[in-house]
Amino acid sequence: MSLDDASIRLAEVREKIARAARIAGREPADVELIAISKMHDVAAIRPLLDAGQRVFGENRVQEAVAKWPELRETTSGIALHLVGQLQSNKAEEAVTLFDAIHSVDRSSLVEALARAMDKAGKRPPCFVQVNIGDEPQKGGCAVADLPVLLAEARAADLPVAGLMCVPPLELEPAPYFALLAKLARDHGITGLSMGMSSDHETAVTIGATHVRVGTALFGARA
Ligand SMILES: *Cc1c(COP(=O)(O)O)cnc(C)c1O
């Protein structure tokens, strides 16, 4: 991808987000665009950095460790979000590398992250991932388990910045986004990490504060 392509794609996505925000009477600046760079190498990421994007997301700790230290050496102001499932034994590495973690989904991980944050002296904002469509194969805590998990996260002093979801693939996403927004309201949580390439405009009209966009920025993954 050339710098021109990257600039055009970035401008298009930002414009869509801005339009959706205005429709909903929201400020476009209140929506953070996270460029999901998983499975794209350093060479594919650089044009987007050169085009001005600074907030990125990865779904695997090992892959992020292999790519981002190098990019951070040459570009300042990068914020890195973890959007994929996290094993407890990688919590320390994740806390060291990432500026936000979107996949807190169980008690054991809450404990591991709290210990890792104490050790690192750093408390990156966390999103609790909800299995909003109650799908057996998907990450995220069950809707019914959310109150207890949130209480545990707060008791462990995790900075809970929001809720995160990935709605069922083949279904209209709006009702699931609306449910996540309601759960957040019920628990006094302001952040909503929802919306991907195909549905981020819908998510923004329903209140997304963080959209996670990969394909629309980078093209298809191999
Ligand atoms: C890959 C991924 C995305 C981005 O998906 P696209 O459809 O490529 O925009 C967003 N969120 C999560 C959790 C992902 O794993």
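Let me begin with the shell of residues around the ligand, which by class is made up of 5 nonpolar, 3 polar and 3 charged residues. Please keep in mind throughout that what we are looking at is a predicted model.

If you would like to find that shell on the screen, the residues surrounding the ligand are Ile-36, Lys-38, Val-83, Met-164, Met-196, Ser-197, Arg-212, Val-213, Gly-214, Thr-215 and Arg-221. As for where this places the ligand in the protein, the ligand sits in the largest pocket.

Now to the individual contacts, taken one by one. The side chain of Lys-38 has an N or O atom that is 2.7 Å from an oxygen atom of the ligand, and for the side chain of Ser-197 the corresponding distance, again from an N or O atom to a ligand oxygen, is 2.5 Å. With Gly-214 it is the backbone that takes part, since a backbone N or O atom of this residue lies 2.8 Å from an oxygen atom of the ligand. How much of the ligand does the protein bury? On its own the ligand exposes 380 Å², and 88% of that is buried by the protein.

Let me turn to the cysteines. With a disulfide taken as a pair of cysteine sulfur atoms within 2.5 Å, the count here is 0 disulfides. Cys-126 is in no disulfide, and the nearest cysteine sulfur, belonging to Cys-141, is 13 Å away. Cys-165 is in no disulfide either, with the sulfur of Cys-141 as its nearest cysteine sulfur at 11 Å. Are these two residues, Cys-126 and Cys-165, buried or exposed? Cys-126 is buried, having a relative accessible area of 1%, and Cys-165, at 0% relative accessibility, counts as buried too.

Definitions and conventions
Residues numbered from 1 in each chain as written. Predicted model: local features only at pLDDT ≥ 70, side-chain atom pairs only at ≥ 80, totals over all residues. Heavy atoms only, no water. Buried < 20%, exposed > 50% of the residue type's maximum accessible area, 1.4 Å probe, protein only. Near = heavy atom within 4 Å. Polar contact = N/O pair within 3.5 Å; in protein donor to acceptor, adjacent residues only side chain to side chain. Areas by Shrake-Rupley, 256 points an atom, 1.4 Å probe, with all protein chains shown as cover. 1 Å grid on protein atoms, 1.4 Å probe; cavity = no way out; pocket = protein on both sides within 12 Å on 5 of 7 lines; lining within 4 Å. Sits in = over half its atoms within 2 Å of the grid points. Nonpolar A, V, L, I, M, F, W, Y, C, P; charged D, E, K, R; others polar.
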